Amino acid sequence: MAISKIGSNSIANEDLTITSGNFVVGTSGKGIDFSAASNDSEMTSELLDDYEEGLATMAFSPGAGSIGINSSYAKLSYTKIGRMVHMNGQIAADGISGLGSGNTLQITGLPFAAVDLDDNAGRTGFFVQHDAMNMVDGREIFGFINEGGSVINIYEQNSSGASNKAEIMTSNGSLYFSFTYNTT
């Protein structure tokens, strides 16, 4: 069944019930328009025009040396609704070489780059649960995605602040993720 505008009249005050099949938006860039429900001058879009689910293959990227990724723990699942991307899962190291000290650690493989907004409103930070890491008790790990960025920066929070350093990883270390960020 197709629903369309009839002449210059639109369908109003009616519910739409689909008893079988799917609701399909057949034109790219079209979707569900919520603009009639908002008077907020800060809104930039009220059109829900995208949904996607998938798996993103991640990789460790230290500033120097190498950290392999365990192929059984190399993917994070994601769901994208509009510009919001939610990711979760576990990644694990498998073999480390030549990291040294004071080295940076990034994780590549985000399925979409983060949005770049005014006043750093596109930045994302989140706590990262971990297992079997080279850390002093009581310290925490967090992830950070810069505006416009497509990598996760991994930091260790310590008594003198936060530092991005790869030497916290061990050959059997795991990082557990559950975070949301915005894309374009």
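**Entry 1: Glu-156**

I started with the contacts of Glu-156, counting heavy atoms within 4.5 Å as contact. Leaving aside neighbours within four places in sequence, I get Met-135, Arg-139, Glu-140, Gly-161, Ala-162, Ser-163, Lys-165 and Ile-168. Note to self: this is a predicted model, where local features need pLDDT of at least 70, side-chain atom pairs count only at pLDDT 80 or more, and totals for chains, interfaces and linings use all residues. Numbering runs from 1 along each chain as its sequence is written, and side-chain values use heavy atoms, with hydrogens and water left out.

Where does Glu-156 sit? I find Glu-156 in strand 11, residues 151–158. Strands here are DSSP runs of E with at least two residues, and helices are runs of H or I with at least four, both numbered from the N terminus.

Buried or exposed? Glu-156 has a relative accessible area of 2%, so I log Glu-156 as buried. The cut-offs are under 20% for buried, over 50% for exposed and partly exposed in between, with a 1.4 Å probe and protein chains only.

The side chains of Glu-156 and Lys-165 share a polar contact of 3.0 Å. That term means a pair of N or O atoms within 3.5 Å; within protein, one must be able to donate a hydrogen and the other to accept it, and residues adjacent in sequence count only if both atoms are side-chain atoms. The pair also passes as a salt bridge, with the closest N and O atoms 3.0 Å apart. For that I need a side-chain nitrogen of Lys or Arg within 4 Å of a carboxyl oxygen of Asp or Glu. Both partners, Lys-165 and Glu-156, are buried.

**Entry 2: the other salt bridge**

How many salt bridges does the rule give? I count two. Lys-80 pairs with Asp-50, and their closest N and O atoms are 2.4 Å apart. Lys-80 is in strand 6 and Asp-50 in the loop between strand 2 (47–48) and strand 3, so this pair ties together parts 30 residues apart in sequence. Lys-80 counts as buried at 4% relative accessibility, while Asp-50 is partly exposed at 28%.

**Entry 3: strand 6 and its partners**

I stayed on strand 6, residues 75–81, and checked which way the side chains point. Leu-76, Tyr-78 and Lys-80 point to one face and are buried; Lys-75, Ser-77, Thr-79 and Ile-81 point to the other and are not. In a regular strand the side chains alternate between the two faces of the sheet.

For pairing, DSSP has to find at least two bridges between two strands. Strand 3 (residues 51–57) runs antiparallel to strand 6, joined by seven bridges. Glu-52 has Lys-80 of strand 6 as its bridge partner. With strand 7 (residues 84–97), strand 6 pairs over five bridges, also in the antiparallel sense. Here I see Tyr-78 opposite Met-87. Strands 6 and 7 form a hairpin with two residues between them, and Gly-82 in the turn has a positive phi of about 60°.

**Entry 4: Asn-134 and Thr-124**

I looked up Asn-134 in the loop between strand 9 and strand 10 (140–145). Asn-134 is partly exposed, at 47% relative accessible area. Beyond four places in sequence, its contacts are Glu-167, Ile-168, Met-169 and Thr-170. The C-alpha atoms of Asn-134 and Glu-167 are 7.1 Å apart, with their positions 33 residues apart along the chain.

Thr-124 is in strand 9, residues 124–131. It is buried, at 10% relative accessible area. Setting aside neighbours within four places, I find Thr-124 in contact with Gly-143, Phe-144, Ile-145, Thr-180 and Tyr-181. Asn-182 is 58 residues away along the chain, yet its C-alpha atom is 8.3 Å from that of Thr-124.

**Entry 5: surface and whole chain**

Which residues make the nonpolar surface patch of about 820 Å²? I list Ile-18, Phe-23, Val-25, Ile-32, Phe-34, Leu-48, Tyr-51, Ile-81 and Met-84. Patch members need over 30% relative accessible area and no salt bridge; like charges are joined within 9 Å, and nonpolar side chains (Val, Leu, Ile, Met, Phe, Trp, Tyr) within 5 Å. One of them, Val-25, lies in the segment before strand 1 (32–33) and is partly exposed at 40%.

Last, the totals. The chain has zero helices and 13 strands. Of its 184 residues, 29% are buried. Among contacts between residues at least 6 apart in sequence, 64% join residues at least 24 apart. The accessible surface is about 11,300 Å², and 45% of that belongs to carbon and sulfur atoms. Areas come from Shrake-Rupley with a 1.4 Å probe; for residues, only the protein chains shown count as cover.
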